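Dear colleague,

I am handing over the structure we spoke about, and my notes on what was found in it follow below. Please read them with the model open beside you.

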Amino acid sequence: MGVTKEVVESSLTSKLNPAHLEVIDTSGGCGASFAVEIVSEQFAGKRLLERHRMVNTALTEEMKEIHALSITKAVTPEQWKQQQESEKSQSAA
């Protein structure tokens, strides 16, 4: 059996302590492809590539069975707050 959404969430939660985490199984249920949006204080001071590496490292075991991982967002809580406020002001306009 492939990796489940819950397994990915559990690994990322235990290793990166996210303030926000959204994992979407984009494989149709077989566990081969996931999209991840993660907000973590551990990303502070890190470049985007370093953040993506942190996510991949947190999922080392799971990546042996995952064929595709799309990290749609990997931001700090401050960046997340700014993005949310920006999206709200754009939708209100």
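Leu 12 touches, once residues up to four places away in sequence are set aside, Asn 17, Pro 18, Leu 21, Val 23, Val 36, Ile 38, Val 55, Ala 58 and Leu 59. Please bear in mind that this is a predicted model. Leu 12 is also among the residues with the most contacts inside the largest nonpolar core, a group that further includes Val 8, Leu 16, Ile 38, Phe 43 and Val 55, and this core has 16 residues. At least two residues of this core come from each of helix H1 (5–16), strand S2 (33–39), helix H2 (48–58) and strand S3 (68–75).

As to the overall layout, the protein has three helices and three strands, and these elements follow one another from the N terminus in the order α-β-β-α-β-α. The C-alpha trace spans about 45 × 30 × 20 Å along its principal axes. Of the 93 residues in the protein, 33% are buried, and of the contacts between residues at least 6 apart in sequence, 57% join residues at least 24 apart. The protein exposes about 5700 Å², of which carbon and sulfur atoms supply 50%. There are 10 positive and 13 negative charges, and their mean positions lie 7 Å apart.

Where does S2 stand with respect to the rest of the structure? Seven of the seven residues of S2 are buried, so this strand is largely enclosed by the rest of the structure. In a regular strand the side chains alternate between the two faces of the sheet. In S2, Ser 33, Ala 35, Glu 37 and Val 39 point one way, while Phe 34, Val 36 and Ile 38 point the other way, and all of them are buried.

S2 also pairs with both of the other strands that I describe here. Strand S1 (residues 20–25) runs antiparallel to S2 and is joined to S2 by six bridges, with Ile 24 standing opposite Ala 35. The pairing of S2 with S3, by contrast, is in the parallel sense and extends over seven bridges, and here Glu 37 of S2 stands opposite Lys 73 of S3.

Two loop residues deserve a separate note. Thr 76 lies in the loop between S3 and helix H3 (77–92), and its relative accessibility is 10%, which is why Thr 76 counts as buried, the cut-off for that class being under 20%. Apart from its neighbours within four places in sequence, Thr 76 is in contact with Val 39, Ser 40, Phe 43, Ala 44 and Arg 51; of these, Phe 43 was named above among the core residues with the most contacts.

Asn 17, the other one, is found in the loop between H1 and S1. Is Asn 17 buried or exposed? Asn 17 counts as exposed because its relative accessibility is 58%, and the cut-off for exposed is over 50%. Not counting residues up to four places away in sequence, Asn 17 touches Leu 12, Ser 40 and Gln 42, so that Ser 40 is a contact of Asn 17 as well as of Thr 76. Although Asn 17 is not a glycine, it has a positive phi of about 45°. Asn 17 and Glu 78 are 61 residues apart along the chain, and their C-alpha atoms are separated by 15 Å.

With kind regards

Terms used. Residues are numbered from 1 along each chain as its sequence is written. This is a predicted model: local features need pLDDT of at least 70, side-chain atom pairs count only at pLDDT 80 or more; totals for chains, interfaces and linings use all residues. Side-chain values use heavy atoms; hydrogens and water are left out. Helices (H or I, at least four residues) and strands (E, at least two) are DSSP runs, numbered from the N terminus. Buried means under 20% relative accessible area, exposed over 50%, partly exposed in between (1.4 Å probe, protein chains only). Contact means heavy atoms within 4.5 Å. Accessible areas come from the Shrake-Rupley method with a 1.4 Å probe; for residues, only the protein chains shown count as cover. Lys and Arg count as positive and Asp and Glu as negative; His and the chain ends are not counted. The place of a charge is taken as NZ of Lys, CZ of Arg, CG of Asp or CD of Glu. A nonpolar core is a set of buried Ala, Val, Leu, Ile, Met, Phe, Trp, Tyr and Cys residues joined through side-chain atoms within 4.5 Å. Two strands pair if DSSP finds at least two bridges between them.
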